[in-house]
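Grab a pencil and work through a few short exercises on a protein model. Each one comes with its solution.

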Amino acid sequence: MHNWLPSYEYLAETTRTVLNMVAHDVLVRYPHLKVVVPHCGSFLPNALPRFRSLLPVMVKQGMMQPVDVDANLSRLYYDLAGAPTDEVLDALLTITTPDHILYGSDYPYVAEPVLIGGKQALEGRLASHGLNPKDIFTDNARRLFGESLPLRQYGEKIVRLAEIEVVPEFLEEYMAFAKEVGETSVKVEPGVLTLFSMQTKEDPCKIYILEIYAKPLISRNTRKVRPKW
């Protein structure tokens with residue numbers, strides 16, 4: 001199973017999570033929530049047509065409540081980490097629009113030389129699909145997240161705490177990997193103050209992930225702005 005994690009399980013779990021959110025109308029009920037779906041939309045281009053066709057049947061049988069699928073999908077964004085081949089880009093464009101597509105690198109999981117070569121190849125591929133590389137690599141993310149500010153212009157912090165459970169046989173590997181990712185994120189990503197995984201005392205396989213981010217309060221021209229999250 002371990003060998004299938006990056007090629008199948010991550011994508012399947014991501015797709016299941018997004019479909020659950022849509023099925024429960026989460027993105028409509030929380031309109032300020034913006035979700036970036038990793039790995040070129042995972043399996044959503046294949047799963048969404050089936051979901052749409054089955055929804056009326058499920059509602060009629062009382063197994064689901066009616067949901068506005070399009071309204072939920074309009075809150076989703078997609079990164080291109082993974083394998084954005086021509087076929088994958090074609091599929092992704094069946095479920096979203098170019099302004100909701102962002103570059104994704106998978107760094108530091110992908111070696112730097114491979115990452116650089118892949119980015120250069122992607123530029124030409126985007127243009128061949130009528131996509132503006134500048135939008136994908138920079139402008140779409142700026143519109144979504146806002147301009148990055150120097151750390152000295154950040155005020156109050158955003159604190160997040162996530163809880164996960166790791167399969168015992170992969171625990172040692174996960175903790176080493178989490179330590180490396182946390183150190184790299186704090187070092188190279190603007191606004192990341194803390195990214196730390198902690199084991200619980202009762203069950204070492206239950207992990208709390210502490211994330212602390214700087215929260216921008218003012219723009220570069222010092223005008224106060226309202227946070228978008």
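Here are three exercises, after a word on the ground rules. This is a predicted model, in which local features need pLDDT of at least 70, side-chain atom pairs count only at pLDDT 80 or more, and totals for chains, interfaces and linings use all residues. Residues are numbered from 1 along each chain as its sequence is written, and side-chain values use heavy atoms, with hydrogens and water left out.

**Exercise 1.** Work out how many helices and strands the protein chain has, and their order.

*Solution.* Start with the count: eight helices and six strands, taken as DSSP runs (helices: H or I, at least four residues; strands: E, at least two) and numbered from the N terminus. Next, read along the sequence, and you get α-α-β-α-α-β-α-β-α-α-β-α-β-β.

**Exercise 2.** Place Leu-92 in its element, then decide: is Leu-92 buried or exposed?

*Solution.* First, find Leu-92 in helix α5, residues 86-92. Then check its relative accessible area: at 0%, Leu-92 is buried (buried is under 20%, exposed over 50%, partly exposed in between; 1.4 Å probe, protein chains only).

**Exercise 3.** Which residues does Leu-92 touch, leaving out those up to four places away in sequence?

*Solution.* Look for contacts, meaning heavy atoms within 4.5 Å. You should find Cys-40, Gly-41, Pro-45, Tyr-78, Leu-80 and Ile-101. Now take Gly-41: it sits 51 residues from Leu-92 in sequence, yet their C-alphas are 6.6 Å apart. Finally, zoom out to the protein chain: of its contacts with a separation of 6 or more, 65% join residues 24 or more positions apart.
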